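Please walk through the packing in this predicted model. The account begins with a helix pair and then turns to the nonpolar cores.

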Amino acid sequence: MTTPSWLSDEPPHPFRYRDLTGLGISRRALAASLRSGAMLQPVTGVYVDARLADDAIIRAQVIHLATGDDAVVARGLAAWLHGFDPRAPHEQERPLALECVAVPGRRTPDRRGLITHRDRLPDDDVTTIHGIAVTTIERTVLDTSRFLAPHMGLAVADAIAHAGLVDPVELLTRYDEWPPRQRWMARGKRCLDLCEPDTESYGESWTRLRIVDAGFPRPRPQIWVPEKRPGAYRLDMGWEELRKAIEYDGEADHTSQEAQDHDDARRDDLRNRYGWTVWPVRKGEVLGHDMAVERAVGELLGLEPQIRKRLW
């Protein structure tokens, strides 16, 4: 792929077809760049340097150019702009969807590549990031809790609550402002009801959701043993009255032999000194398609899962 001379230095920001003359770009040069793949047209009438096409801020700028003041960046892309990745591990190589919410009373063009949602959008639900209209952090959580897959909706809600940016209890009442019979409202309410601000990783959110989905008692997050103080153990989640716990072992910190030996020694000490049984689970199990997590928790608690297959 040959980069045209007008793209060889600093990649230009997204631009519209009607901006060509002002940018000193000929229609022929644009057409040639599109054919070569140097330029892309993610939304009809808006063009972007292929080197920048997956950048989230650039994608937000694309939406703004396509819609002007008639729509607001929303959902997953809004979450990313607020600093929280809404993508599951298998989606990490995919660019964020070009999603926006139309401003009520304004006509937003339906363009190829642009996902426009029609929904209530009070003025208080809109903020500005990098000069672009975006849903506020509170409204973004309300949207992602409803429309992301359940495990990612909970992971994003937990992370944002953990950062102290929203109160899930207060936010839950916001759903009462919507008209009745809105799509996925029950999913959103359940997500915020399960939200735990003490959760420290997406993996912990996914694990807790699988436990609750299977009908087991809801575990309490971040348990200190024997008590909260320097040098004490802290468990990801568990049931204090039973002295049973589940820990999510992320791949990054628990794969080396040294790390595994440390984990084993730590859990042996918890069992021998404090009577706690700690069961580790890994990402492959939590995001896997079988019932390994449910069987492990059932064995730990002496209960049977209430489902026969995972729910997400």
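A crossing is called left-handed if the near helix is turned anticlockwise from the far one by less than a right angle, and right-handed if clockwise. By that convention, α5 passes α6 in a left-handed crossing. Helix α5 covers residues 137-147 and helix α6 covers residues 150-162; their axes come within 8 Å and cross at roughly 155°. Angles over 145 degrees count as roughly antiparallel, so α5 is roughly antiparallel to α6.

On the α5 side, the contact is made by Ile-137, Val-141, Thr-144 and Ser-145, while α6 contributes Gly-153, Val-156, Ala-157 and Ile-160. Sorted by character, the residues of this contact comprise five nonpolar, three polar and no charged.

The next topic is the nonpolar interior. The largest nonpolar core has 42 residues, and Ile-246 and Val-297 touch the most other members. At least two residues of this core come from each of α5, α6, α8 (185-194), α9 (202-213), β10 (233-239), β11 (244-249) and α13 (292-301). Helix α6 supplies the largest share, eight residues.

What does Ile-246 contact, leaving aside its neighbours within four places in sequence? The partners are Thr-207, Ile-211, Asp-236, Met-237, Trp-239, Trp-279, Val-281, Val-297 and Leu-300. Val-297 thus appears both in this list and beside Ile-246 as a residue touching the most other core members.

Apart from the largest core lies another, of 19 residues. Among them are Val-46, Leu-96, Cys-100 and Ile-132.

Technical notes:
Residues numbered from 1 in each chain as written. Predicted model: local features only at pLDDT ≥ 70, side-chain atom pairs only at ≥ 80, totals over all residues. Heavy atoms only, no water. Axes fitted to C-alpha atoms, helices over the stretch in contact; angles between N-to-C directions. Helix = DSSP H or I, 4+ residues; strand = E, 2+ residues; numbered from the N terminus. Parallel < 35°, antiparallel > 145°, perpendicular 65-115°, else oblique. Contact = heavy atoms within 4.5 Å. Nonpolar A, V, L, I, M, F, W, Y, C, P; charged D, E, K, R; others polar. Core = buried A, V, L, I, M, F, W, Y, C linked by side-chain atoms within 4.5 Å. Buried < 20%, exposed > 50% of the residue type's maximum accessible area, 1.4 Å probe, protein only.
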